[in-house]
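User: I am new to this structure and would love a close look at one part of it. Could you pick a spot, tell me where it sits, and then work outwards to the rest?

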Amino acid sequence: MLFRSCGAFMDLVLKRTGHRGGGNLAKGYANYGTRVSGPQVGAIAVLTRRGGGHVGVVSGVDPNGNPIIVSGNHNRTVAESVYPAGRVTAYVLPGG
C-alpha cells in the first residue's frame, strides 16, 4: 500500500486497532497517548529527520539499543527498519 505520509499511515493503524486517530503530522504524535521513557513493542516512535519528522510503531530493539520501527512512507511504502536511537524525540503508548 502506498502512503503519502508516515502520519497518515500511523493514523490508519490507530483507527483500525480501535484507537482515536492522531492526524497526519509526525511531530504531533509526540503529544499523543502516554509518554514512556524508552522503546517498547507497540509504542509509537516520533523521530526527527531533515525537513520534518517521522513516526512509526516500534516492533523491536536491535542489539545496540536502536529501535526497529514499522512505518509508512518509508521509500513510499510500508517497511520495517532500524533507526538510530538518537533520532527519537518521543515514545508514546496509544490510549483508548
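Analyst: Let's start at Arg50, which lies in the loop between strand 2 and strand 3. Helices here are DSSP runs of H or I with at least four residues, strands are runs of E with at least two, and both are numbered from the N terminus. The model is a predicted one, in which local features need pLDDT of at least 70 and side-chain atom pairs count only at pLDDT 80 or more, while totals for chains, interfaces and linings use all residues. Residues are numbered from 1 along each chain as its sequence is written, and side-chain values use heavy atoms, with hydrogens and water left out.

Is Arg50 buried or exposed? Arg50 is exposed, with a relative accessible area of 81%. (Buried stands for under 20% relative accessible area, exposed for over 50%, and partly exposed for what lies in between, using a 1.4 Å probe and protein chains only.) Its C-alpha atom is separated by 30 Å from that of Thr17, and the two residues are 33 apart along the chain.

Now look at the turn itself. Strand 2 and strand 3 make a hairpin with two residues between them, and Gly51 in this turn has a positive phi of about 85°. The two strands run antiparallel and are joined by six bridges; strands are said to pair if DSSP finds at least two bridges between them. As a reminder, strands of a sheet pair through backbone hydrogen bonds, either parallel or antiparallel.

On its other side, strand 2 meets strand 6, again antiparallel, through four bridges. Two of the partnerships are easy to find: Ile44 has Val92 of strand 6 as its bridge partner, and Val46 has Ala90. Strand 6 in turn pairs with strand 1 in the antiparallel sense over three bridges, and there Thr34 stands opposite Leu93 of strand 6.

Step back and you see the whole sheet: six strands in the order 1-6-2-3-4-5, open, with antiparallel pairing. Strand 1 (34-36) and strand 5 are the edge strands, each pairing on one side only. On average, neighbouring strands are turned by 35° against each other, direction ignored. (Axes are lines fitted to C-alpha atoms, for helices over the stretch in contact, and angles run from 0 to 180 degrees between N-to-C directions.)

Back in our hairpin, Thr48 stands opposite Gly53 in strand 3. Helix 1 packs on the sheet, touching strand 2, strand 3, strand 4 and strand 5, and its direction makes about 45° with that of strand 3. Contact here requires heavy atoms within 4.5 Å. In helix 1 (residues 6-16), the buried residues are Cys6, Gly7, Phe9, Met10, Asp11 and Leu14. Among the parts that cover them are strand 2 (44-49) and strand 3 (52-61). Just after helix 1 comes Gly18, with a positive phi near 85°.

What lies inside? A nonpolar core is a set of buried Ala, Val, Leu, Ile, Met, Phe, Trp, Tyr and Cys residues joined through side-chain atoms within 4.5 Å. The largest one has 13 residues, and those touching the most other members are Met10, Leu14, Tyr29, Tyr32, Ile44, Val46 and Val55. Helix 1, strand 2, strand 3 and strand 6 (88-93) each supply at least two residues of this core, and helix 1 gives the most, with three. Leu14 makes a good example: leaving out residues up to four places away in sequence, it touches His19, Arg20, Gly22, Tyr29, Tyr32, Ile44 and Pro94. Apart from the largest core lies another, of nine residues, including Ala43, Val58, Val88 and Tyr91.

Finally, the chain as a whole. One helix and six strands run in the order α-β-β-β-β-β-β from the N terminus on. The radius of gyration is 12 Å, close to the 12 Å that the globule rule gives for 96 residues, so the chain is as compact as a globular protein of that length. (This radius is taken over C-alpha atoms, and the rule is 2.2 Å times the number of residues to the power 0.38.) Of the 96 residues, 41% count as buried.
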